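Colleague: Could you take me through this model step by step, explaining each term as we meet it?

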Amino acid sequence: MRHINYSILILLTFFVSACGGGSDGKEEPQVNQAQLPPEPISKAKIKLNQLGYLPNAVKIAIVPNTNQAEFTLVSMPSGNIVFAGTLSAALSWPLAGDDKFKQADFSSFSTEGSYIIRVNGLEDSSIININTNVYSALHDSALKFYYFNRASTAITYPYADQWSRNEGHSDDKVMVHTSAASTQQPAGSTFPSTKGWYDAGDYGKYVVNSGIATYSLLAAYEHFPAFYRDREINIPESADSVPDILNEVLWNIEWLTTMQSPDGGVYHKLTTLDWPGLEMPDEDTRDRYVIGKSTAAALDFAAILSMASRIYQPYESTFPGKSEQWLKAAEKAWLWALENENQPYRQPLDVTSGEYGDYTFNDEFAWAASELFMTTKKIKYLEKYMETAEQPSVPSWANVSYLATSTLLLIGEEDIEPSLYQSLKEAQLALANNIVAQHKNNPYRVAMVEADFVWGSNAVVLNKALVLLQAYRLSKEAIYKQVALEHVDYILGRNPTGYSYVTGYGNKTPLFPHHRISASDGIDSPIPGMLVGGPHNGNQDGCVYPSQHSASAYLDDWCSFSTNEVAINWNAPLVYVLAALLDQ
Ligand code: 9MR
């Protein structure tokens, strides 16, 4: 049956081409018949950025292996050949599997429009858009994800289109777990801890992961304020005079402030004891607890609240007293951390929700110290930063050393000694240079090595792009921006699985993310703008994967929480990277 359909398709294609494809049948140049597939079309697809390319970007597609040496770029819908190029030699990337492929480089073609790539014997590529505005809607949607993941509120029309839902988790009476008990808040006592974002596909709220997620969004605002000044994303607060990114982040900061215990320590997380079922937020009515206190939670809290104190200060009249209150809370958490400098979170026996376990805290000390220094200018914080700072590495929820240095470099040039600034800058650029070198050695043109394919590998890709874009800001060297853009190409489809990993953006996107709301709201399309975790061959969920190769082990199925979940710390570098690209 498939064979018969295929033959009909070939005949039709031939007929349409032979008769001329132009809409008025007159002026359109004909598609050269030599372009018609002379042999059975391979099922393998040409992989490219499905959303599109900026006109001056490096533009490279990955073509399934072929004996052909050439490709053409065909303008759509006219069918005119507008560019012809030579394919690279056959390449392979062992992390993706055994398949060979070639690169099709059409970087020198920069005319805005819609095109396809054609290679004899292969299926035509999907549409390629070249235009200056390809990432704008995606940015707004990636930011809007946080609204959709808000706890303690109904998600309503006209902000939510078809994804309106009831309020879930008012969290007006959360219980203190024995692991978090103190004299003032004993086990079993309750207090309100409303608002905040659900961490991911589950309904937990975790301070450590909120740390880096909130940093990336606040940093996007702090580094690109002009870009955000009038940018509205249609949320309930859009009508006020505050930039919407700050309105959205405020929802999480207000929750964070409730997570401080009276002694200054910070609860590690707020969850049910076990995972919620596959149900909507309002259906998950089991008791929620604050669980454990940890050095990492206290320091991440201190870092975020001192950032917030500084960044929201100009909006003092809209949020009276908040800036001062947040700084006080941050300094109190800092003092608690100094007294409890090595208190890791340990999962109690009756708890199975997410762990975010971390056992080394120099990076959190350095980060909180640098944020507190930038907000207060007190030298004791800079001294603590110097004492605890580590070589910057690609940031993650467990390793925030990069954020410490980045804050001093990007907003602290006037406040630190020129020699210190210079050495921090060199360290930061060395990290970026390492990423550039990894990219250069990679036939898929992404700076990913085996160790990077962890749970949430797509966030590693985007955090590398974030590092590159900050290097670009520091040095103005174009190579950093170019390589960062190619990381966006990877995320949006130029990768071994051929998925654009953001829901709703591309022609092959995740339809069944491990996101409880999307999986139980009865709406076919998942909430748009969500980045899934991406390939990782840990098999923690026991799903059946199409490949065991780390760059290909991805499954678009609810079952796959290790590759197909979404999370606030993964969307955040997507927002940052797109803001950086759109701002520049
Ligand atoms: O992102 C986290 C990843 O680094 C860990 O390996 C994994 C297992 O501990 O947990 C991930 O975080 C999950 C968290 O524990 C609970 N909410 C969903 C998060 C994303 O999967």
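Colleague: How many salt bridges does the rule find across the interface of domain 1 and domain 2?

Modeller: This is a predicted model, in which local features need pLDDT of at least 70 and side-chain atom pairs count only at pLDDT 80 or more, while totals for chains, interfaces and linings use all residues. Residues are numbered from 1 along each chain as its sequence is written, and side-chain values use heavy atoms, with hydrogens and water left out. A salt bridge is a side-chain nitrogen of Lys or Arg within 4 Å of a carboxyl oxygen of Asp or Glu. Across the interface of domain 1 (6-130) and domain 2 (136-504 + 562-583), with bounds from an automatic or database domain assignment, the number of salt bridges that the rule finds is zero.

Colleague: Which element gives the largest share of the side of domain 1 that touches domain 2?

Modeller: The elements that give two or more residues to this side of domain 1 are β1 (60-64), β4 (91-92) and β5 (100-105), strands being DSSP runs of E with at least two residues and helices runs of H or I with at least four, numbered from the N terminus. The largest share is three residues, and the element that gives them is β1.

Colleague: How much area do domain 1 and domain 2 bury between them?

Modeller: Buried area is the accessible area (1.4 Å probe) that two parts lose on being put together, summed over both. Of the area buried between domain 1 and domain 2, 68% is on carbon and sulfur atoms, and the total is about 1700 Å².

Colleague: Is R150, which meets E237 in a salt bridge, buried or exposed?

Modeller: The side chains of R150 and E237 meet at 3.0 Å, N to O, and the pair links distant parts of the chain, 87 residues apart. Buried means under 20% relative accessible area, exposed over 50%, and partly exposed in between (1.4 Å probe, protein chains only). Because its relative accessible area is 2%, R150 is buried.

Colleague: Why does the salt bridge of D452 and K464 tie together parts that are apart in sequence, and how many residues apart are they?

Modeller: The side chains of D452 and K464 meet at 2.7 Å, N to O. D452 is buried at 13% relative accessible area, and K464 is buried at 3%. Because D452 lies in the loop between α11 (418-440) and α12 (457-475) while K464 is in helix α12, the parts that the pair ties together are apart in sequence by twelve residues.
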